[in-house]
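Work through the following exercises with the sequence and coordinates open. Each task is followed by its solution.

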Amino acid sequence: MSKHKKVVVVGAGWAGLGATYHLAKQGYDVTLLEASSYPGGLVAGWKTEDGKSIEAGIHGFWYPYKNIFQLVEELGLNPFTNWTRSSQYSPAGLEVESPIFQDQPLLPTPLGTFLYTKFQRLPLIDRLSALPLLYSLIDFDNSPEAWERYDKVTARELFKQFGVSSRLYKDAFEPMLLVGLFAPGEQCSAAATLGMLYYFILAHQPNFDVVWCRGTVGEMIFKPWIEKIESLGGKVLTNKRVTDIIVTNQGTTKGVMCNNEIFAADAVILGVSISGIKKIVAESKVLNQYPEFYNLSNLGGIDVLATRLWFDKKVDIPLPSNACFGFDKTTGWTFFDLNHLHDEYKELSGSVIEADFYHANQLLTMNDEQIINKVHQDLTTCIPGFANANIVDSRVIKVRQGVTHFA
């Protein structure tokens with residue numbers, strides 16, 4: 001395709017912005033269309049009416065995210081915290097503390113991850129029961145044949161097959177699935193699980209190390225990124241909800257429709273979520289003729305609940321990043337000390353906490369007051385100091401089908 005031709009990108013999240021930037025740098029006539037009133041979608045975050053920053057969940061940036069780290073360096077940005085330690089809690093209290101793995105002496109994979117992680121209650125005999133699982137990690141080479149073998153099996157079946165103890169599964173692997181793949185093991189693909197385990201834990205010792213954005217992703221990364229895209233000639237348009245794609249009888253793309261408005265295009269890139277593409281296909285008079293598109297209806301999403309709580313006093317929280325399990329049977333959740341992570345909250349006299357719940361189907365039926373009371377109670381179970389702190393402000397964000405279901 002010659003570079004004077006028109007490309008339309010749909011969806012202004014990471015995928016859409018990445019595609020638009022890549023094309024704009026090469027000189028293409030590229031237009032990015034976003035359905036909401038601001039670029040970035042759910043990832044970006046926004047301001048409340050009284051000027052407080054909120055997000056639909058906190059997003060970590062792990063050691064292997066080389067493309068994003070390269071991007072922010074290219075843009076001349078400094079949006080991230082230092083590498084942070086993390087912990088896990090159950091209703092029984094602290095379960096696991098993880099170090100910054102790149103600071104530890106380098107050991108052959110996976111010994112570093114295995115030895116440097118501090119398990120408070122999990123016996124060594126249970127941890128050793130994971131060793132036979134290494135065979136499947138070696139066997140799973142990410143080829144189509146490997147996906148064919150392992151995608152038919154659930155993660156729970158995989159762990160049983162390789163003799164992982166029930167306690168190790170309950171206290172380590174299922175919590176990882178609930179906050180990593182957003183669903184319990186009996187609902188997760190074994191292939192996706194093996195891919196996650198390898199990528200974050202077993203490929204290289206530091207891969208589980210993570211940094212966080214020092215504010216909302218929208219303000220600290222997306223806003224300057226969009227300015228750079230526009231300086232290169234790219235166009236970023238909001239409040240443009242795509243309703244159809246114009247395709248010739250020969251299957252050639254000719255344009256994108258936003259209700260009665262038409263954007264001519266020689267190529268279209270769809271950088272939208274599963275729920276987003278399903279809505280477009282459902283309304284389309286063209287795409288639902290193609291199996292590549294109507295088969296997308298078989299894909300699913302996971303419900304997410306994001307909350308942000310402002311307290312009247314500072315609570316001593318040992319580590320800024322925390323994952324939790326065992327509070328609700330099929331739901332995992334995380335909580336973050338934003339006084340430690342976000343610049344705007346560092347000097348506040350009271351704690352600001354982000355608590356996000358994944359596979360939160362049953363929680364979305366609760367009203368906001370019930371949800372906030374539950375979050376306060378769960379936080380107190382993990383960190384008893386929250387019992388003496390009162391909530392002075394809060395926000396609840398319910399996102400149905402918010403993240404991909406790796407079924």
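**Exercise 1.** Determine which residues make the nonpolar surface patch of about 380 Å², and classify L124 as buried, partly exposed or exposed.

Solution. The model is a predicted one. The patch is made by L124, I125, L128 and L131. L124 is found in helix α5, which covers residues 124-128. The relative accessibility of L124 is 47%. Partly exposed is the class between under 20% and over 50%, so L124 counts as partly exposed.

**Exercise 2.** Compare the expected span of helix α1 (residues 14-25) with the distance between its end C-alpha atoms, then describe its buried side.

Solution.
1. Helix α1 has 12 residues, and at 1.5 Å a residue it should span 16 Å. The expected span takes one less than the number of residues.
2. The end C-alpha atoms of α1 are 16 Å apart, in agreement with that value.
3. The buried residues of α1 are G16, L17, A19, T20, Y21, L23 and A24.
4. These buried residues pack against β1 (6-10), β2 (29-33), α3 (66-74), α11 and β14 (267-270).
5. Just after α1 comes G27, with a positive phi of about 95°.

**Exercise 3.** Repeat the span check for helix α11 (residues 217-231), and locate its bend.

Solution.
1. With 15 residues at 1.5 Å each, α11 should span 21 Å.
2. Its end C-alpha atoms lie 20 Å apart, which agrees.
3. A bend of about 25° occurs at K223, and the proline P224 follows within four residues.
4. V217, G218, I221, F222, W225, I226 and I229 are the buried residues of α11.
5. G233 follows α11 and has a positive phi, near 105°.

**Exercise 4.** Classify D303 and I246 by accessibility, and list their contacts beyond four places in sequence.

Solution.
1. D303 is found in strand β15 (residues 301-311). Its relative accessibility is 8%; the cut-off for buried is under 20%, so D303 counts as buried.
2. Outside its sequence neighbours within four places, D303 is in contact with F357, Y358, H359, A360, N361, L364, V399, R400 and Q401.
3. I246 belongs to strand β11 (residues 244-247). With a relative accessible area of 28%, I246 is partly exposed.
4. Under the same exclusion of neighbours within four places, I246 is in contact with T252, T253, K254, G255, M257 and I262.
5. For the pair I246 and M257, the separation is 11 residues in sequence and 7.2 Å in space, C-alpha to C-alpha.

Methods: Residues numbered from 1 in each chain as written. Predicted model: local features only at pLDDT ≥ 70, side-chain atom pairs only at ≥ 80, totals over all residues. Heavy atoms only, no water. Helix = DSSP H or I, 4+ residues; strand = E, 2+ residues; numbered from the N terminus. Bend = angle between axes of the 7 residues up to and from the residue. Buried < 20%, exposed > 50% of the residue type's maximum accessible area, 1.4 Å probe, protein only. Contact = heavy atoms within 4.5 Å. Patch = residues over 30% accessible without salt bridge, like charges linked within 9 Å, V, L, I, M, F, W, Y side chains within 5 Å. Areas by Shrake-Rupley, 256 points an atom, 1.4 Å probe, with all protein chains shown as cover. Salt bridge = Lys/Arg side-chain N within 4 Å of Asp/Glu carboxyl O.
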